[in-house]
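Welcome to a short tour of a protein model. Please take a look at the sequence and the structure below, and then read on for a guide to what can be found there.

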Amino acid sequence: MPSFISKMTQILLRAGAVLGFFRALPVLVSCLFCFTGRARAQGSEEIPFHKHTIGLGQSEAAEVADVNRDGKLDITSGENWYEQKKDAQGNRTWVKHVIDNAWSQAHALTIADLKGDGDPVLVTGKRYYAHEHDKGANEPLGVYWYERVRTAGGFEWRRHIIDYSTRTGAGMQVCVVDIDNDGDLDIVVGGKTGLYLFENLTKGRQVPLTDVIAVPGN
Ligand SMILES: [Ca+2]
Ligand SMILES: [Ca+2]
């Protein structure tokens with residue numbers, strides 16, 4: 001029976017193969033903590049894990065990808081991404097960057113090659129009354145995808161609106177899959193307000209610029 005580490009490594013490697021642009025690591029990321037460990041003995045189910053605090057964010061989901069294409073995997077969670085760096089002693093460090101704080105209560109996110117050009121993007125959205133007492137609880141729902149675009153001054157995130165101010169939010173999970181088997185990726189989201197499918201109709205079309213909002217990048 002494969003060990004827990006072996007199982008998780010297989011899952012991450014499979015995810016890496018699907019996304020095509022990052023290599024999975026035997027590192028488990030849950031919210032903003034990183035757990036690493038090594039089996040004590042071959043065949044043993046007893047695995048000592050060590051917790052490394054990356055940040056104290058509030059989102060339940062996290063994705064691992066090389067956001068800035070420097071060869072080191074970064075973490076995206078909530079409205080932030082966490083850049084992986086090394087200090088002078090060679091220790092791994094994380095630098096927090098805001099992607100977009102114009103809306104709140106992002107709980108679920110997915111990284112996928114939505115455009116089909118080998119350049120994966122971030123798909124996320126607001127969860128309906130994720131926390132009724134928190135900032136933005138009564139603001140409109142929305143589902144968005146973000147791309148990271150180089151500019152003369154560095155780069156910026158561009159927010160594309162998939163849906164806004166209807167009953168559709170991102171709930172606790174964003175599924176990106178070619179559900180109608182026509183060769184492009186579609187989006188399925190569910191939550192307290194229902195279950196919705198967004199069929200991808202952008203094949204062969206220019207990205208609708210009217211839906212693009214530039215977000216200052218870092
Ligand atoms: Ca990186
Ligand atoms: Ca499709």
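## A loop with an unusual residue

Let us begin in the loop between E12 and E13, where Asn 181 is found. The phi angle of Asn 181 is near 55°, a positive value in a residue that is not glycine. Is Asn 181 buried or exposed? Asn 181 is exposed, because only 12 or fewer neighbours are allowed for that label and Asn 181 has 8 other C-beta atoms within 10 Å.

A second residue of this kind is Arg 69, whose phi is also near 55° and positive, although Arg 69 is not a glycine. Arg 69 sits in the loop between E4 and E5. With 12 other C-beta atoms within 10 Å, Arg 69 is exposed.

## How far to trust the model

Please keep in mind that this is a predicted model. The average pLDDT of the protein is 78, and 74% of the residues score at least 70.

One stretch calls for care: over residues 11-31 the pLDDT stays under 50. The model has 38 contacts beyond four places in sequence for residues 11-31. Where pLDDT is low, the predicted coordinates should not be read in detail.

## The sheet around the opening loop

The strands on either side of Asn 181 belong to an open sheet of three strands, in the order E12-E13-E14 and with antiparallel pairing. Its edge strands are E12 and E14 (194-198), each of which pairs on one side only. From one strand to the next, the twist averages 15°.

How many bridges join E12 to E13? There are four, and the two strands run antiparallel. As an example of residues facing each other, Val 174 stands opposite Val 189 in E13.

## A sheet of four strands

Another open sheet has four strands in the order E4-E5-E6-E7, again with antiparallel pairing. E4 (63-65) and E7 (92-98) are the edge strands, each pairing on one side only. Neighbouring strands here are turned by 25° against each other on average, direction ignored.

Within this sheet, E5 (residues 74-77) and E6 (residues 80-86) pair over three bridges in the antiparallel sense, and Thr 76 has Trp 81 in E6 as its bridge partner. E6 is also joined to E7, by seven bridges and in antiparallel fashion. Here the bridge partner of Lys 85 is Thr 93 in E7. The hairpin of E6 and E7 has five residues between the strands, and in this hairpin Gly 90 takes a positive phi near 85°.

## Strands E9, E10 and E11

Further along the chain, E9 (residues 121-126) pairs with E10 (residues 142-151) over four bridges, in the antiparallel sense. Gly 125 has Val 143 in E10 as its bridge partner.

E10 is joined by ten bridges to E11 (residues 154-164), and these two strands run antiparallel. A hairpin through two residues links E10 to E11. Which residue in E11 is the bridge partner of Trp 145? The partner is His 160.

## The nonpolar core

Trp 145 also has a place in the largest nonpolar core, which has 26 residues. The residues with the most contacts inside this core are Leu 109, Leu 122, Val 123, Trp 145, Tyr 146, Val 174 and Val 176. Two or more core residues come from each of E6, E8 (106-112), E9, E10, E12 (174-177) and E13 (186-191). E8 gives the most, with five residues. In soluble globular proteins, nonpolar side chains tend to be buried together.

What is Trp 145 in contact with, leaving aside its neighbours within four places in sequence? The answer is Leu 114, Val 121, Leu 122, Val 123, His 160 and Ile 162.

## An exposed leucine

One last stop is Leu 56, in the loop between E3 (49-53) and E4. Leu 56 counts as exposed, because it has 8 C-beta neighbours inside 10 Å. Leu 56 and Phe 33 are 23 residues apart in sequence, and their C-alpha atoms are 8.4 Å apart in space.

Definitions and conventions: Residues numbered from 1 in each chain as written. Chains lettered and ligands numbered in written order. Predicted model: local features only at pLDDT ≥ 70, side-chain atom pairs only at ≥ 80, totals over all residues. Pairing = 2+ DSSP bridges. Axes fitted to C-alpha atoms, helices over the stretch in contact; angles between N-to-C directions. Core = buried A, V, L, I, M, F, W, Y, C linked by C-beta atoms within 7 Å. Buried ≥ 20, exposed ≤ 12 C-beta atoms within 10 Å, placed from the backbone. Contact = placed C-beta atoms within 7 Å. pLDDT = per-residue confidence, 0-100.
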